[in-house]
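Work through the exercises below with the sequence and the 3D structure at hand. Try each task yourself before reading its solution.

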Amino acid sequence: MGRGRPIGFDREQALDKALMHFYERGYHGSGMSDLVETMGIARQSLYSAWGDKRGLFMEAVNRYGHAQEVMIQEILDRPGSPLQNIRDVFQVMGQIALDPNSPGCLVGNTIAELNEADEEIKRMLLSHFETITAAIRATLVRAKEVGELPRGVNVRAIASTFCCIAQGLFIATKLEADPEMVKDVLDTAMSLLE
């Protein structure tokens with residue numbers, strides 16, 4: 001006996017559309033009717049593919065988080081100066097934060113909206129935050145090994161601080177996208193490495 005009708009839509013494309021919808025409106029601001037219309041699929045197709053709105057949201061946030069992790073890791077893994085690679089990550093974050101077409105950081109938005117409401121989502125977001133913090137920490141360790149940082153620098157504390165600064169930057173630019181403020185924040189963050 002077959003396993004039902006095959007999915008009649010491009011799952012990845014529909015997920016990307018849902019991701020942007022959640023990005024712009026958040027979880028609570030995204031109704032099922034709006035989602036299926038945005039995704040261009042039938043309501044039953046959404047239920048068959050993701051179970052419910054929460055399942056769709058979890059996969060969309062995970063997809064976004066993974067893409068961010070990959071992008072950041074690629075920058076951090078570039079040859080040359082580890083500290084320059086960290087500066088480059090911050091530059092990219094600043095550009096994204098100032099982009100008028102970017103509604104901020106989906107992970108940060110979700111932390112603000114749902115952190116207290118759902119333990120599974122909280123664990124997923126924490127895992128993303130920890131992955132990026134670990135990648136920055138490893139790059140700071142490399143910077144120590146090549147003599148760009150003094151041996152006594154607390155790389156764990158600096159990596160956590162950088163991640164908190166990046167999240168704060170996305171929140172602040174939602175209030176006012178001020179390039180001077182972003183430059184000041186990035187310069188001050190990097191001054192921790194001097």
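**Exercise 1.** Find which residues glutamine 167 is in contact with, leaving aside its neighbours within four places in sequence, and decide whether glutamine 167 is buried or exposed.

*Solution.* Begin by placing the residue in the predicted model: glutamine 167 is found in helix α8. Next, leave aside the neighbours within four places in sequence, and the contacts of glutamine 167 are Cys105, Gly108 and Phe129. Finally, compare its relative accessibility with the cut-off for burial, which is under 20%; because glutamine 167 has a value of 16%, it counts as buried.

**Exercise 2.** Describe the cavity whose lining includes glutamine 167, giving its volume and the makeup of its lining.

*Solution.* A general idea helps at the start: rolling a probe the size of a water molecule over the atoms shows where empty space is left. The count for this model comes to one cavity of 30 Å³ or more, and about 210 Å³ of space lies in the largest cavity. Its lining is made of 17 residues, and those nearest the centre are Ile72, Met93, Ile132, Ala166 and Gln167. The elements that give two or more residues to this lining are α4, α5 (82-98), α7 (119-145) and α8 (155-175). Of these, α8 provides the largest share of the lining, namely five residues. Sorting the lining residues of the largest cavity by character then gives 14 nonpolar, three polar and no charged.

**Exercise 3.** State which residues of helix α6 (residues 106-114) are buried and which helices they pack against.

*Solution.* The first step is to list the buried residues of α6, which are Leu106, Val107, Gly108, Asn109, Thr110 and Leu114. The second step is to look for their packing partners, and these buried residues of α6 pack against α1 (11-25), α4, α7 and α8. One link back to the first exercise is Gly108, which is buried in α6 and is in contact with glutamine 167.

**Exercise 4.** Identify the residues with the most contacts inside the largest nonpolar core, and list the contacts of tryptophan 50.

*Solution.* The largest nonpolar core has 57 residues, and Trp50 and Leu140 are those with the most contacts inside it. Helix α4 (residues 53-76) gives the largest share of this core, nine residues. Turning to tryptophan 50, and leaving aside its neighbours within four places in sequence, one finds contacts with Phe9, Arg11, Ala14, Leu15, Met39, Ile41, Gly55, Leu56 and Glu59.

**Exercise 5.** Explain why the ring pair of phenylalanine 22 and tyrosine 27 is stacked, and say which cluster these rings belong to.

*Solution.* The count of aromatic pairs comes to six. In the pair chosen here, the ring centres of phenylalanine 22 and tyrosine 27 are 6.4 Å apart and the planes stand at 20°, so the pair is stacked; the cut-offs for this step are centres within 6.5 Å and planes under 30 degrees apart. Phenylalanine 22 is buried, since its relative accessible area is 1%, and tyrosine 27 also counts as buried, at 15% relative accessibility. Ring pairs join Phe22, Tyr27 and Phe57 into a cluster.

**Exercise 6.** Decide whether histidine 21 is buried or exposed, and do the equivalent for valine 185, adding the contacts of each residue.

*Solution.* Histidine 21 has its place in helix α1, and because its relative accessibility is 5%, it counts as buried. Beyond its neighbours within four places in sequence, histidine 21 is in contact with Gly26, Ser30, Asp34, Leu35 and Thr38. Valine 185 has its place in helix α9 (residues 179-191), and because its relative accessible area is 25%, it is partly exposed. Not counting residues up to four places away in sequence, valine 185 touches Ile165 and Leu169. From C-alpha to C-alpha, valine 185 and glycine 80 are 24 Å apart in space, and they are 105 residues apart in sequence.

**Exercise 7.** Give the secondary structure of the protein and the share of its residues that count as buried.

*Solution.* The secondary structure comes to nine helices and zero strands. Of the 194 residues, 41% count as buried. Along its principal axes, the C-alpha trace spans about 65 × 40 × 30 Å.

Terms used. Residues are numbered from 1 along each chain as its sequence is written. This is a predicted model: local features need pLDDT of at least 70, side-chain atom pairs count only at pLDDT 80 or more; totals for chains, interfaces and linings use all residues. Side-chain values use heavy atoms; hydrogens and water are left out. A nonpolar core is a set of buried Ala, Val, Leu, Ile, Met, Phe, Trp, Tyr and Cys residues joined through side-chain atoms within 4.5 Å. Buried means under 20% relative accessible area, exposed over 50%, partly exposed in between (1.4 Å probe, protein chains only). Helices (H or I, at least four residues) and strands (E, at least two) are DSSP runs, numbered from the N terminus. Contact means heavy atoms within 4.5 Å. On a 1 Å grid over the protein atoms alone, a cavity is a set of points where a 1.4 Å probe fits but cannot get out, and a pocket is an open set with protein on both sides within 12 Å along at least five of seven lines; lining residues have an atom within 4 Å of a point. Grid points are joined across faces, edges and corners, and a volume is the space filled by probe spheres set on the points. Ala, Val, Leu, Ile, Met, Phe, Trp, Tyr, Cys and Pro count as nonpolar, Asp, Glu, Lys and Arg as charged, and the others, Gly among them, as polar. Rings of Phe, Tyr and Trp (its six-membered ring) pair if their centres lie within 6.5 Å; planes under 30 degrees apart count as stacked, over 60 as edge-to-face and the rest as tilted.
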